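Subject: Structure handover and findings

Dear colleague,

I am passing on the structure we talked about, together with an account of what a search of it turned up. Please have the model open while you read.

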Amino acid sequence: MNGDEEDVFPVDDDLFEETFSADCVYKFCGEEFKINQAFSANLGVAARVWDSALHLCRFFEEKCVPLKGKKIIELGAGTGIVGILAARLGADVTITDLPLAVPQLQKNVSANTPPGGWCSAEPAVVPLSWGQDQENFPSDWDLVLGADIVYLSDTYPLLVETLTHLCKDGAVAYLSSKMRMEHGTPCFYDGNLPQKFHVELVQRDQEQNISIYRATVRRDV
């Protein structure tokens, strides 16, 4: 994402106080993942595994969302855990973020290669800047995924533009977000996204203030 990341999240997130690397192990859908988080000022908010990403992984597990054989693209992937899960379950996955995040994404993809190889193909890791690069990507996806990518209001029109292109041939978008009032996250789902999409709230965690939405392109606009 573009912009001054220090202003995006509260200072107590401690994203910029020091540079260090940490590995965390997660388990979803019978699969185990070792995700590296390279905390640094360069990566900023892309460095860590956010709770919204874990909620989206858990949603796929609990709802038994079919991912095998699906063509999937993840936006603003950060550490890549959502896309890696989809690939481990047999999806054909493209994982994207800004160029600075690509090395971390590629490292995590390589570290999570199954012993017998990928079910479909190794996830592709490529840069994608919203509002600029989306036309370089096809529109024949089955699913478009994003976790905690709605937090900077200046990027909301760019995100809608990118989603509209990627979903125009019928893809379903699943977006998981911490509903930060101070950053206008609810306004994105109540105002920006419905201009182009049918939007459905499919899961709400009141305690952690995380919501998951399902969105499809509107044909009446």
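What follows goes from the overall fold to individual side chains.

Please keep in mind throughout that this is a predicted model. The protein chain has five helices and nine strands, and when it is read along the sequence these elements follow the pattern β-β-α-β-α-β-α-β-β-α-β-α-β-β. Of the 221 residues in the protein chain, 52% are buried, and the accessible surface comes to about 10,000 Å², with 48% of that area belonging to carbon and sulfur atoms. If one takes the contacts between residues at least 6 apart in sequence, 67% of them join residues at least 24 apart.

Helix α2 and its surroundings

Helix α2 is mostly covered, since eight of its eight residues are buried; these are Ile 81, Val 82, Gly 83, Ile 84, Leu 85, Ala 86, Ala 87 and Arg 88. Just after this helix, Gly 90 takes a positive phi of about 105°.

Strand β4, which covers residues 92-97, contains Ile 95, and this residue counts as buried at 0% relative accessibility. The C-alpha atoms of Ile 95 and Gly 83 are separated by 6.1 Å, although the two residues are twelve apart along the chain. Leaving aside residues up to four places away in sequence, Ile 95 touches a list of residues that includes Gly 83 and Ile 84, as well as Leu 105, Val 109 and Val 126.

Gln 104, for its part, is placed in helix α3, residues 102-111, and counts as buried at 6% relative accessibility. The side chain of Gln 104 reaches the backbone oxygen of Gly 78 at a distance of 3.2 Å.

Salt bridges

A search of the whole structure finds five salt bridges, among them the three that I describe here. The side chains of Glu 31 and Arg 88 meet in a salt bridge with an N to O distance of 2.8 Å. Because Glu 31 lies in strand β2 (residues 31-39) and Arg 88 in helix α2 (residues 81-88), this pair ties together parts that are 57 residues apart in sequence. Arg 88 itself is buried, with a relative accessible area of 12%.

The side chains of Asp 140 and Lys 71 also meet in a salt bridge, again listed at 2.8 Å from N to O. This pair links distant parts of the chain, with Asp 140 in the loop between β5 (124-127) and β6 (143-147) and Lys 71 in strand β3 (residues 71-75), 69 residues apart. Asp 140 counts as partly exposed at 43% relative accessibility, and Lys 71 is partly exposed as well, with a relative accessible area of 23%.

A further salt bridge joins the side chains of Lys 27 and Glu 32, at 3.5 Å from N to O. Here Lys 27 counts as exposed, at 60% relative accessibility, whereas Glu 32 counts as partly exposed, at 44%.

Aromatic rings

Lys 71 appears a second time in connection with a ring, for it lies over the face of Trp 141, at 4.9 Å from the ring centre. The charged end of Arg 180 sits over the ring of Trp 50, 5.9 Å from its centre.

How many aromatic pairs does the structure hold? With ring centres required to lie within 6.5 Å, the count comes to six aromatic pairs. One of them is formed by Phe 188 and Tyr 189, which are arranged edge-to-face, 5.1 Å centre to centre and with 85° between the planes. Phe 188 is buried, with a relative accessible area of 0%, and Tyr 189 is likewise buried, with a relative accessible area of 2%. Ring pairs also link these two residues with Tyr 156 and Tyr 213, so that Tyr 156, Phe 188, Tyr 189 and Tyr 213 form a cluster.

With best regards

Methods. Residues are numbered from 1 along each chain as its sequence is written. This is a predicted model: local features need pLDDT of at least 70, side-chain atom pairs count only at pLDDT 80 or more; totals for chains, interfaces and linings use all residues. Side-chain values use heavy atoms; hydrogens and water are left out. Rings of Phe, Tyr and Trp (its six-membered ring) pair if their centres lie within 6.5 Å; planes under 30 degrees apart count as stacked, over 60 as edge-to-face and the rest as tilted. Buried means under 20% relative accessible area, exposed over 50%, partly exposed in between (1.4 Å probe, protein chains only). A charge sits over a ring if NZ of Lys or CZ of Arg is within 6 Å of the ring centre and within 35 degrees of the ring normal. Helices (H or I, at least four residues) and strands (E, at least two) are DSSP runs, numbered from the N terminus. Contact means heavy atoms within 4.5 Å. Accessible areas come from the Shrake-Rupley method with a 1.4 Å probe; for residues, only the protein chains shown count as cover. A salt bridge is a side-chain nitrogen of Lys or Arg within 4 Å of a carboxyl oxygen of Asp or Glu. A polar contact is a pair of N or O atoms within 3.5 Å; within protein, one must be able to donate a hydrogen and the other to accept it, and residues adjacent in sequence count only if both atoms are side-chain atoms.
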